[in-house]
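Visitor: I have some questions about this structure. Could you put it up so we can go through it?

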Protein chains: 2
Amino acid sequence: MTYRLYYWPGLQGRGEFVRLALEDAGAAYEDVARGEGAKAIMDMVGSAGGRAPFAPPFLVDGETLISQTANILAYLGPRLGLAPPDEAGRAVAAGLQLTLADLVAEVHDTHHPIASSLRYEDQREAAKARSGDFLARRAPKYLGYFEKVLTGAGGAFMTAGGHTYVDLSMFQVLEGLAYAFPRHIGTNEGRWPALAALRQRVARRPRIALYLASERRIPFNETGIFRHYPELDAD
Amino acid sequence: MTYRLYYWPGLQGRGEFVRLALEDAGAAYEDVARGEGAKAIMDMVGSAGGRAPFAPPFLVDGETLISQTANILAYLGPRLGLAPPDEAGRAVAAGLQLTLADLVAEVHDTHHPIASSLRYEDQREAAKARSGDFLARRAPKYLGYFEKVLTGAGGAFMTAGGHTYVDLSMFQVLEGLAYAFPRHIGTNEGRWPALAALRQRVARRPRIALYLASERRIPFNETGIFRHYPELDAD
């Protein structure tokens, strides 16, 4: 069965966490809106009935529709061989993924602290204030935590269950932060050596390396979550 | 086995979603930090090893530690008889819970749009701007969605699987919004009649009614997520 992934075409966004899992596993999937356009998403979101998703990404697997990034990964993980084998380990993985999701939401709000409905340029001053706090307090708190988790699990993988979707998502967050805040990450990445090694290791996984070099990998850009606005970056 | 819930004493916060599930099921649980103080949380968060949580709430069940509200509820749901019986239904419930979590995060940021580390009074102007957008666009979008989900599932419960933890969390969100934004909810609640009925129905569930009248229910206050600042409210 081919998985059908629905996410906005033209940006990595939250859909990228799902793409990385599907690509790493070599799963058959269709990136629906990149073929059919964003209308395919709106048709699903606007459909009647209790099972319509609130927002992309969502995944269709036969008769099953799964929404919310972390939920999709919890569903796909065991099917793709990308989850810990036991329930307790899966709960750990899901908790880490949700903590990554919290970090991603905070990254989004560095450039949109007031309203998603406003342009960045119309909330730039608030964005500078929020980004300053993010880089001074929040990013180090999160990255210090994930560094501790990684070293506590042995240093190779984010969970004791071996390579999982959490490693792929951690890679994506590190790539995104380095894109959005190159000065900050350049100055500080030495504080998180295990994470830096994980980032390189994931990038070298054969299917990930092929994916990153392909046209299927949408480049980071200023319509996604991780945006490079130099005025928001700082040592 | 008695569940051990860790959450900040003195506020409902995200811990309240877990408390409501435990209370509705009549489960044996200890609200650890209300007895032992916040230090019990800090000791766990600061502990070494890959299984330390990033932040409360987290739940300890024997040897298992589960973090993140939606993850805790996905774990407890089947054990407490508060989850749909099948995997597809559980994935729907988890997706709805995560969408409620997104709404809760946006509510938090109505009063703290710039930094959690700053006082409300030091970001009030940005809070007014963010709250204006929240009430004009975001809250109606979320509540309209949940109204559609509820009516699509038959009108009685948020999922086709009957009464679940999602109904309890939906109740809590509606209570919180009515506390924080009484003018807005008073003016607009007629737009979401099925949600208003669900809110009343959950409040009348015997164990929930007893809980709400007990000292275990911490009142809403201005240290939680749902805060009543009249200047942020609007029709």
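Visitor: How do the residues lining the second largest pocket divide into nonpolar, polar and charged?

Guide: This is a predicted model. In it, the lining of the second largest pocket has 22 nonpolar residues, three polar and six charged.

Visitor: What volume does the second largest pocket have?

Guide: The volume is about 750 Å³. The lining has 31 residues, and the closest to the pocket centre are Asn71(A), Ala74(A), Asn71(B), Ala74(B) and Ala94(B).

Visitor: Which elements give two or more residues to that lining?

Guide: Helix H4 (69-80) and helix H5 (87-111) of chain A do, together with helix H4 (69-80) and helix H5 (87-111) of chain B.

Visitor: And which gives the most?

Guide: H5(A), with seven residues.

Visitor: Moving on to the interface. How many residues does each chain bring to the contact?

Guide: Chain A brings 42 residues and chain B brings 41.

Visitor: What area is buried between them?

Guide: About 3,400 Å², with 56% of that coming from carbon and sulfur atoms. On the chain B side, the residues that lose the most area to chain A are Phe54(B), Gln68(B) and Ile114(B); together they account for 21% of what that side buries.

Visitor: How many salt bridges across the interface?

Guide: The rule finds four between chain B and chain A. One salt bridge joins the side chains of Glu87(A) and Arg79(B), at 2.9 Å from N to O.

Visitor: And how many residue pairs in polar contact?

Guide: There are 22 such pairs across the interface, counting those with both residues at pLDDT 80 or more. On the side of chain B that touches chain A, the elements that give two or more residues are strand E4 (64-67), H4, H5 and helix H6 (124-152). H6(B) has the largest share there, 11 residues.

Visitor: What classes of residue are on that side of chain B?

Guide: By class, 19 are nonpolar, 13 polar and nine charged.

Visitor: Different topic: the backbone. Which peptide bond in chain A is cis?

Guide: The one from Pro56(A) to Pro57(A), with omega near 5 degrees. Pro57(A) sits in the loop between helix H3 (39-45) and strand E3 (58-61) of chain A.

Visitor: And in chain B, which residues does a cis peptide bond join?

Guide: Pro56(B) and Pro57(B), with omega about 5 degrees. Pro57(B) lies in the loop between helix H3 (39-45) and strand E3 (58-61) of chain B.

Visitor: What is phi of Gln68(A)?

Guide: Near 80 degrees, a positive value in a residue other than glycine. Most residues other than glycine have a negative phi. Gln68(A) is in the loop between strand E4 (64-67) and H4 of chain A.

Notes. Residues are numbered from 1 along each chain as its sequence is written. Chains are lettered from A and ligands numbered from 1 in the order in which they are written. This is a predicted model: local features need pLDDT of at least 70, side-chain atom pairs count only at pLDDT 80 or more; totals for chains, interfaces and linings use all residues. Side-chain values use heavy atoms; hydrogens and water are left out. On a 1 Å grid over the protein atoms alone, a cavity is a set of points where a 1.4 Å probe fits but cannot get out, and a pocket is an open set with protein on both sides within 12 Å along at least five of seven lines; lining residues have an atom within 4 Å of a point. Grid points are joined across faces, edges and corners, and a volume is the space filled by probe spheres set on the points. Helices (H or I, at least four residues) and strands (E, at least two) are DSSP runs, numbered from the N terminus. Ala, Val, Leu, Ile, Met, Phe, Trp, Tyr, Cys and Pro count as nonpolar, Asp, Glu, Lys and Arg as charged, and the others, Gly among them, as polar. Contact means heavy atoms within 4.5 Å. Buried area is the accessible area (1.4 Å probe) that two parts lose on being put together, summed over both. A polar contact is a pair of N or O atoms within 3.5 Å; within protein, one must be able to donate a hydrogen and the other to accept it, and residues adjacent in sequence count only if both atoms are side-chain atoms.
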